[in-house]
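Please study the sequence and the model below before attempting the exercises. Each task is followed by a worked solution.

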Amino acid sequence: MGRTSTLRVPVTNEDMDGRICLVTGATSGIGEATATALARLGAHVIVVGRSAERGEAAALRISRATDSASIDLRLADLSSQSEIRRLAREVLDAYPALHVLVNNAGVTNLRREETVDGIESTFATNHLAYFLLTDLLCDRLIESAPARVVNVASHAHTFGRLEPDDWQSEQEYSAMKVYGGSKLANVLFTYDLARRLETKGVTVNCLHPGAVATRMGRNNGWLGVLASLLMKPFFASPAKGARTSVYLAASKEAEGVTGRYFVNCKPKETSERSRDAVLSKQLWDESRRLTARGGA
Ligand SMILES: NC(=O)c1ccc[n+]([C@@H]2O[C@H](COP(=O)([O-])OP(=O)(O)OC[C@H]3O[C@@H](n4cnc5c(N)ncnc54)[C@H](OP(=O)(O)O)[C@@H]3O)[C@@H](O)[C@H]2O)c1
């Protein structure tokens, strides 16, 4: 018998006992709420964060909230490809299986910044990290099938700027368009990967969590903090924002469903550009090039 999450997900989620789930960006917001819900369903949850202090605090909160001893913390700055590679190695060495990968960590940057690999930071963290971590863990997901990949995208994909002659926004930088472009990349990546894994027992879906009151944007100085505080009363709680991630990671209803975008636990159509086969191939090839050892 499946247990029902106390997050009041509108469908019954499966008992996740014995399932190993990894959630990135689980030190805050939607990721922490997702990790909490999965732990509550009985999963062994690998909490990924980049700060030891915030990571330990989040792991403790999740453990206390769920009364679960099955929470492990792994640290990696996902804007750095060498840290992603180290994280993947640690996960492959430490766990015999991986049933659910939730790519959730994300940022918005008001100003253009580059990562240690010399790549525009929003594109690197929000898209390339999803791409590279999934690639490195893919064989283990296939061996653990049935398995699920859940990519946290956004409605912002509809207004994103993603240009093959300017992947890294060197010619033009507008924070919201760059953020939206990275979320468009999440949707394109989801559709492409779902096709590639169709016969392998691994489903791949993405979602928009709604407008959720989290720490998103607070890395942008007082303006980011102010905007986030002003919007808070109008936004949903992280627990509510995590519902669709948890639904895709754990529900019976989502079993076997792949290559879809969900809002409020329901499939929804995405923008025309997100279904552009040429753009999809260009993005895949560029992501492969940028994450090949040696980086950009
Ligand atoms: N909030 C919304 O309304 C909304 C709407 C649509 C989509 N989303 C998507 O939801 C996802 C979660 O965001 P959120 O709203 O929950 O924001 P959040 O509270 O700011 O959480 C973001 C998480 O990502 C982590 N992170 C950021 N950069 C990282 C890096 N370089 N390496 C490792 N971890 C990193 C953060 O870690 P730290 O704790 O170290 O900062 C944090 O755990 C994102 O993909 C976002 O695009 C959010």
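The exercises below treat a predicted model, beginning with its sheet and ending with its ligand shell.

**Exercise 1.** Determine the strand order of the open sheet and explain why β3 and β8 each have one side without a neighbour.

*Solution.* Step 1: Reading across the open sheet, the eight strands follow the order β3-β2-β1-β4-β5-β6-β7-β8, and their pairing is mixed. Step 2: β3 (71-75) and β8 (266-268) are at the edges and have a single partner strand each, so one side of each lacks a neighbour in the sheet. Step 3: On average, neighbouring strands of this sheet are turned by 25° against each other, direction ignored.

**Exercise 2.** Describe the pairing of β7 with β8.

*Solution.* Step 1: β7 (residues 261-263) pairs with β8 in the antiparallel sense, over three bridges. Step 2: Within this pair, Val-263 stands opposite Lys-266 of β8.

**Exercise 3.** State which strands are touched by helix α8, and which strands helix α3 lies across.

*Solution.* Step 1: Helix α3 (residues 81-94) lies across β1 (20-24), β2 (44-49) and β3, and runs at about 150° to β3. Step 2: Helix α8 (residues 243-250) packs on the sheet and touches β1, β4 (100-103), β5 (147-152), β6 (202-208) and β7. Its direction makes about 160° with that of β5.

**Exercise 4.** Characterise the residues that surround the ligand.

*Solution.* Step 1: The ligand is surrounded by 27 residues, of which the closest are Gly-25, Gly-29, Ala-105, Gly-106 and Thr-214. Step 2: Sorted by class, the shell holds nine nonpolar, 14 polar and four charged residues. Step 3: Helix α1 (residues 29-40) gives the most to this shell, with three residues.

Note on methods. Residues are numbered from 1 along each chain as its sequence is written. This is a predicted model: local features need pLDDT of at least 70, side-chain atom pairs count only at pLDDT 80 or more; totals for chains, interfaces and linings use all residues. Two strands pair if DSSP finds at least two bridges between them. Helices (H or I, at least four residues) and strands (E, at least two) are DSSP runs, numbered from the N terminus. Axes are lines fitted to C-alpha atoms, for helices over the stretch in contact, and angles run from 0 to 180 degrees between N-to-C directions. Two residues are in contact if their C-beta atoms, placed from the backbone, lie within 7 Å. A residue is near a molecule or strand if its C-beta atom, placed from the backbone, lies within 6 Å of it. Ala, Val, Leu, Ile, Met, Phe, Trp, Tyr, Cys and Pro count as nonpolar, Asp, Glu, Lys and Arg as charged, and the others, Gly among them, as polar.
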